[in-house]
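Please open the model in a viewer and keep the sequence panel at hand. The tour proceeds by selections, each followed by a description of what is found there.

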Amino acid sequence: MKPIEEQTLVEKLRTRASIRRSIKDRKSVQEGKPDRIANLLDEAANEIERKDNIINGLLEHIEMLKGE
């Protein structure tokens, strides 16, 4: 794992979600229930990643159009 200073926001969100899910003292872990905040962190990471992919695709398309 990269040092936290070198991680992207998406990586930090996913790492934190994973940490929350692994803490045995957490009520949701003890009860075998989903951790709603960890799920929200994963959802946020997925949405950021999705939008980053859209932006990168559009930037590539713009560069391609410039070259024509």
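The stops below move from the helices to their shared core, then to the salt bridges and some individual residues.

**Helix H1**

The model is a predicted one. Begin by selecting residues 9-22, which form helix H1. H1 has 14 residues and reaches 20 Å from its first C-alpha to its last, close to the 20 Å expected at 1.5 Å a residue. Next, highlight Val10, Leu13, Ala17 and Arg20, the buried residues of H1. Turn the view to look down the axis of H1: its buried residues fall within an arc of 95°, so they line one face of the helix. What covers the buried residues of H1? Their cover includes H2 and H3.

**Helix H3**

Select residues 36-67, the 32 residues of helix H3. At 1.5 Å a residue, H3 should span 46 Å, and its end C-alpha atoms lie 47 Å apart, which agrees. Colour Ala38, Leu41 and Ala45, the buried residues of H3. The cover over these buried residues includes helix H1.

Now move to the start of H3 and display aspartate 35 together with isoleucine 37. A side-chain oxygen of aspartate 35 comes to within 3.0 Å of the backbone nitrogen of isoleucine 37.

**The nonpolar core**

Which residues make up the largest nonpolar core? Select Val10, Leu13, Ala17, Ala38, Leu41 and Ala45, six residues in all. H1 and H3 are the elements that give two or more residues to this core. Centre the view on leucine 41 within this group. Not counting residues up to four places away in sequence, leucine 41 touches Leu13, Arg16, Ala17 and Arg20.

**Salt bridges**

As a general point, side chains of opposite charge can pair when their charged atoms come close. The structure holds nine salt bridges, and three of the pairs are visited here.

Select aspartate 35 and arginine 20 first. These two form a salt bridge, with their closest N and O atoms 3.1 Å apart. The pair links distant parts of the chain: aspartate 35 is in the loop between H2 and H3, while arginine 20 is in helix H1, 15 residues apart. Are these two partners buried or exposed? Both aspartate 35 and arginine 20 are buried.

Proceed to aspartate 42 and arginine 21, whose salt bridge has its closest N and O atoms 2.7 Å apart. Aspartate 42 lies in helix H3 and arginine 21 in helix H1, so this pair ties together parts that are 21 residues apart in sequence. Arginine 21 counts as partly exposed because its relative accessibility is 34%.

Then travel along H3 to arginine 50 and glutamate 47, whose side chains meet in a salt bridge (2.8 Å, N to O). Being three residues apart in helix H3, arginine 50 and glutamate 47 are separated by about one helical turn. Arginine 50 is partly exposed at 42% relative accessibility, and glutamate 47 is partly exposed with a relative accessible area of 31%. To close this stop, select Arg20, Arg26 and Asp35, which salt bridges that share partners join into one network.

**Before H1: glutamine 7**

Go back along the chain to glutamine 7, in the segment before H1. Is glutamine 7 buried or exposed? At 9% relative accessibility, glutamine 7 counts as buried. Display Met1, Lys2, Lys12 and Thr15, which glutamine 7 touches when residues up to four places away in sequence are not counted.

**Between H1 and H3: lysine 24 and serine 28**

Select lysine 24, which is placed in the loop between H1 and helix H2 (27-31). Lysine 24 has a relative accessibility of 65% and therefore counts as exposed. Leaving aside its neighbours within four places in sequence, lysine 24 is in contact with Val29 and Gln30.

Finally, step into helix H2 and select serine 28. Serine 28 is buried, with a relative accessible area of 13%; the cut-off for this class is under 20%. Which residues surround serine 28 beyond its neighbours within four places in sequence? Its contacts there are Lys33, Pro34 and Asp35. Asp35 is also the residue that forms a salt bridge with arginine 20.

Definitions and conventions. Residues numbered from 1 in each chain as written. Predicted model: local features only at pLDDT ≥ 70, side-chain atom pairs only at ≥ 80, totals over all residues. Heavy atoms only, no water. Helix = DSSP H or I, 4+ residues; strand = E, 2+ residues; numbered from the N terminus. Expected span 1.5 Å × (residues − 1). Buried < 20%, exposed > 50% of the residue type's maximum accessible area, 1.4 Å probe, protein only. Contact = heavy atoms within 4.5 Å. Polar contact = N/O pair within 3.5 Å; in protein donor to acceptor, adjacent residues only side chain to side chain. Core = buried A, V, L, I, M, F, W, Y, C linked by side-chain atoms within 4.5 Å. Arc of directions from axis to C-beta. Salt bridge = Lys/Arg side-chain N within 4 Å of Asp/Glu carboxyl O.
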